[in-house]
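Colleague: I have this model open and would like a close look at a single part, the sheet and what packs against it. Could you walk me through it?

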Amino acid sequence: PYTTLFRSRVYPRRMRHIPHFIETSDIPVKTAPGAGALVAGRLSAEKGVDVAIRAVGKIDGAVLDVAGTGPEEESLRRLAESVAPGRVRFHGLVDKAEVQRLMLAAAVVVVPSRWYENQPMVVLEALARGTPVVGSALGGMPELIEPGATGELVPANDPSALAVALTPFLRDPGHGFAMRDQARATIVAEFSPERHLQRIIGTYALAARTMLQRAA
């Protein structure tokens, strides 16, 4: 992530940050409060899906949808039956249309990774649909999620902290729905294709000016 490299002083004067982008013109925004939490992605150890399951198990009546598959699927199913019986729904590998349906229907998307994610597209995809995100305060996620405005950040590997953060979203669907407009506006303003191109053009222009100055 940019902030980590910058703080480590890895050529800070040369470094420029150009985030990924997402096209929002064909992405619908949720029109009503959702229900439950959603994890979407590969079911592998570094993604921390077990943390989300344990967190949901601590919230009475809470439901978690899991979209995706991977090497941890069977162990995650066993964990779910142990700590949140009947409240974790595994959808397996689904297409984009189904992921969209699940995101629009959820009260909150959870990204509980225990490794240093760079810029998870699932965060951009959720926010573009007006669905807030609760993610681990690792890697690039603090650069994407604004606590209290578009979601929340929690320590990685901490089911109790994640449960505390998720509870307002799951107890009161209006809590997350109130973040819809800010979530969408953030993506449109900062992560559109046009903004991406502006950043690239600006970076090349700066590089050209620097080379001319050195050659003078």
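Modeller: Happy to; here is a tour of the sheet, strand by strand, and then of the cores.

Please keep in mind that this is a predicted model. The sheet is open and has six strands, in the order E3-E2-E1-E4-E5-E6, with parallel pairing. Its edge strands are E3 and E6 (151–154), each of which pairs on one side only. From one strand to the next, the twist averages 20 degrees.

Let's start with E1, residues 37–40, which pairs with E2, residues 64–67, in the parallel sense over four bridges. If you want a place to look, Val 39 stands opposite Val 66 in E2. The path between these strands includes helix H2 (residues 49–57): E1, H2 and E2 make a right-handed β-α-β unit. E1 also pairs with E4 (residues 108–111), again in the parallel sense, over two bridges. There, the bridge partner of Leu 38 is Val 109 in E4.

Moving towards the E3 edge, E2 and E3 run parallel and are joined by four bridges. Leu 64 stands opposite Val 88 in E3. Both residues turn up again in the largest nonpolar core: of its 30 residues, Leu 64 and Val 88 are among those that touch the most other members, along with Ile 53, Phe 90, Val 134, Leu 162 and Leu 166. The elements that give two or more residues to this core are the strands E1, E2, E3 (88–92) and E4 and the helices H2, H3 (73–83) and H6 (159–171).

Phe 90 is a good residue to centre your view on. Leaving aside its neighbours within four places in sequence, Phe 90 is in contact with Leu 43, Ile 53, Val 66, Leu 76, Arg 77 and Ala 80. A second, separate core has 23 residues, including Ile 22, Ile 27, Val 111 and Ile 187.

What about Thr 186, in helix H8 (residues 180–190)? Thr 186 counts as buried because its relative accessibility is 17%, and the cut-off for buried is under 20%. Neighbours within four places in sequence aside, Thr 186 is in contact with Thr 150 and Phe 191.

Definitions and conventions: Residues numbered from 1 in each chain as written. Predicted model: local features only at pLDDT ≥ 70, side-chain atom pairs only at ≥ 80, totals over all residues. Heavy atoms only, no water. Pairing = 2+ DSSP bridges. Right-handed = clockwise from strand over helix to strand, strands pointing away. Core = buried A, V, L, I, M, F, W, Y, C linked by side-chain atoms within 4.5 Å. Buried < 20%, exposed > 50% of the residue type's maximum accessible area, 1.4 Å probe, protein only. Contact = heavy atoms within 4.5 Å. Axes fitted to C-alpha atoms, helices over the stretch in contact; angles between N-to-C directions.
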